Amino acid sequence: MEVVMASSSVDGGIGCWDLRTGAEQLRYKSCSSPSHGLVSVGARFIASSQLREPSASSGSVLFWSWSKPQVEVKSFPAEPIKPLAANHPGTFIAGGALSGDIYLWDVETGRLLKKWRAHFRAVTCLVFSEDDSLLISGSEDGSVRVWSLFMIFDDVRSQQASNLYEYSFSEHTLRVTDVAIGYGGCNAIIVSASEDRTCKIWSLSRGTLLRNIVFPSIIDTIALDPAEHVFYAGSRDGKIFIAALNTESVATNNYGMHIIGSFSNHSKAVTCLAYDTSGNLLISGSEDGMVRVWNTRTRNIVRMFRHVKGNAAGPVNNILVVRREIDLSNHISSNVQASSRKQGANLPPPLEKYANSTDEDSDMKTIISLVGDRRSTDVSYLSSHVILNYIKELQHQGSVAASEMEMEKLKHDCQRSMQLVNQWKKMHENLHQFCVKELLDGNQARTLDENDK
């Protein structure tokens with residue numbers, strides 16, 4: 001079962017619907033999440049950061065099990081956390097703070113593994129790469145930074161490095177509103193959106209800007225087409241723009257360079273987007289309180305959900321598409337209820353407020369999952385030494401496309417080398433012929449002189 005989940009900045013709870021049938025599932029209570037503050041942790045449970053007031057000096061992170069509408073675990077970090085991100089197996093939770101720091105917790109123990117100064121101003125968005133070896137962050141200071149987990153956990157290397165980040169992209173002039181990363185590990189592309197009305201496409205392998213796209217309105221959210229031909233950009237004027245990733249597009253009378261179309265049915269700003277790869281569906285949320293499911297081929301609305309706060313629609317600021325392996329029916333038997341209570345009791349403990357500075361063997365106790373099957377609810381753990389070697393190996397791997405490009409480059413270099421070798425051979429032959437001719441001519445001249453005498 002695939003479900004759509006939506007939350008709001010007001011206390012409207014978390015709405016949950018079956019993506020295929022449209023049937024509403026449980027509504028999870030007591031949630032007022034900031035933008036990018038809702039995550040599914042390895043499809044095991046739901047987590048959300050909470051900021052009751054925009055200028056609050058404290059906040060919390062809440063956990064819900066799938067089977068209960070009430071909050072089951074409450075955490076109180078050292079400072080307010082806005083964006084949250086979980087790696088795919090659900091072993092890490094990363095949180096971006098208002099101070100610009102990033103926190104990294106181990107899910108199973110709740111232990112605060114790392115905290116580092118990431119940005120000069122508040123962190124606005126976080127996302128893990130497909131292989132979980134990189135963490136990408138955006139900030140109110142306009143920068144997008146790429147963090148290697150291998151570097152984060154390598155204390156010696158991080159102390160020797162001039163910068164902890166792998167790349168820092170600072171071409172945005174205003175607050176970064178969203179970041180998305182494609183496939184290919186360290187050879188992937190990154191797309192970032194900003195209040196400066198631009199989306200920028202970056203190359204991870206080269207660390208350079210590939211394309212800058214200017215939009216008619218501020219873009220608050222982006223979603224990549226899985227084939228990476230286009231990306232979708234939700235704007236504050238209620239439109240969803242389609243922008244080209246891999247083709248050159250000419251400017252039109254309506255839109256700027258590389259914008260190839262748009263569609264809209266929202267009456268207010270589009271605040272969040274999610275892409276369902278199994279059905280090629282785009283799900284959008286808006287300040288108008290509606291969640292719309294779009295067929296990306298026809299650009300028609302397939303289904304609509306209403307996020308309700310009381311009797312009114314509450315503004316939507318987060319959307320998730322989660323594949324569930326269990327039945328979410330509201331009509332469950334007593335046996336299933338007992339199993340659900342057991343599952344809720346097995347939720348991880350609260351996240352630590354501070355790192356345990358007295359733990360002298362902290363590196364040895366760091367644990368991270370390497371389970372390949374992301375659908376499993378049973379998570380296995382390995383030591384930090386194993387995971388560090390694994391991450392290092394991942395960072396030396398690239399996508400198939402990147403390998404093919406490298407092969408083509410090597411073939412091209414080989415052809416150029418062969419051409420140079422042939423040129424040198426030709427020059428050598430010409431020089432040899434010239435020397436032989438000069439020697440023969442010299443000998444003939446001396447012979448003639450001797451005969452004349």
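How many bridges join strand 1 to strand 29, and do the two run parallel or antiparallel? In this predicted model, six bridges link strand 1 with strand 29, and the two strands run antiparallel. One pairing involves Ala6, whose bridge partner in strand 29 is Ile319. Strand 1 is also joined to strand 2 (residues 15–18) by four bridges, again in an antiparallel arrangement. Here Met5 has Cys16 of strand 2 as its bridge partner.

The burial of strand 1 may be considered next. In a regular strand, side chains alternate between the two faces of the sheet. Strand 1 spans residues 2–7, and six of its six residues are buried. Glu2, Val4 and Ala6 lie on one side, while Val3, Met5 and Ser7 lie on the other; both faces are covered.

The loop between strand 2 and strand 3 contains Glu24. Is Glu24 buried or partly exposed? Glu24 has a relative accessible area of 41%, and therefore counts as partly exposed, since the buried class is reserved for values under 20%. Glu24 and Val3 are separated by 21 residues in sequence, and their C-alpha atoms are 9.2 Å apart in space.

The largest nonpolar core has 18 residues, of which Val41, Phe45, Ala47, Phe63, Leu84, Ile93 and Trp105 touch the most other members. Strand 3, strand 4 (45–50), strand 5 (60–64), strand 7, strand 8 (92–97) and strand 9 (101–106) each contribute at least two residues to this core. Strand 7 provides the largest share, three residues.

Attention now turns to open space. Rolling a probe the size of a water molecule over the atoms shows where empty space is left. The largest pocket has a volume of about 1,700 Å³. Its lining comprises 49 residues, and those nearest the centre are His88, Val127, Tyr275, Leu320 and Val321. Several strands each supply at least two lining residues, including strand 3 (38–41), strand 7 (81–86), strand 11 (123–128) and strand 29 (318–323); strand 15 (176–181), strand 19 (219–224) and strand 23 (270–276) do likewise. By class, the lining has 26 nonpolar, 14 polar and nine charged residues.

Finally, there is the record annotation. An unreviewed UniProt entry lists residues 116–149, 169–212 and 263–304 under "repeat: WD". In the model, residues 116–149 are 56% strand and 3% helix, and the end C-alpha atoms of this span lie 12 Å apart.

Technical notes
Residues numbered from 1 in each chain as written. Predicted model: local features only at pLDDT ≥ 70, side-chain atom pairs only at ≥ 80, totals over all residues. Heavy atoms only, no water. 1 Å grid on protein atoms, 1.4 Å probe; cavity = no way out; pocket = protein on both sides within 12 Å on 5 of 7 lines; lining within 4 Å. Points joined across faces, edges and corners; volume = space filled by probe spheres on them. Nonpolar A, V, L, I, M, F, W, Y, C, P; charged D, E, K, R; others polar. UniProt positions renumbered as here; feature names shortened; annotations may be inferred. Buried < 20%, exposed > 50% of the residue type's maximum accessible area, 1.4 Å probe, protein only. Pairing = 2+ DSSP bridges. Core = buried A, V, L, I, M, F, W, Y, C linked by side-chain atoms within 4.5 Å.
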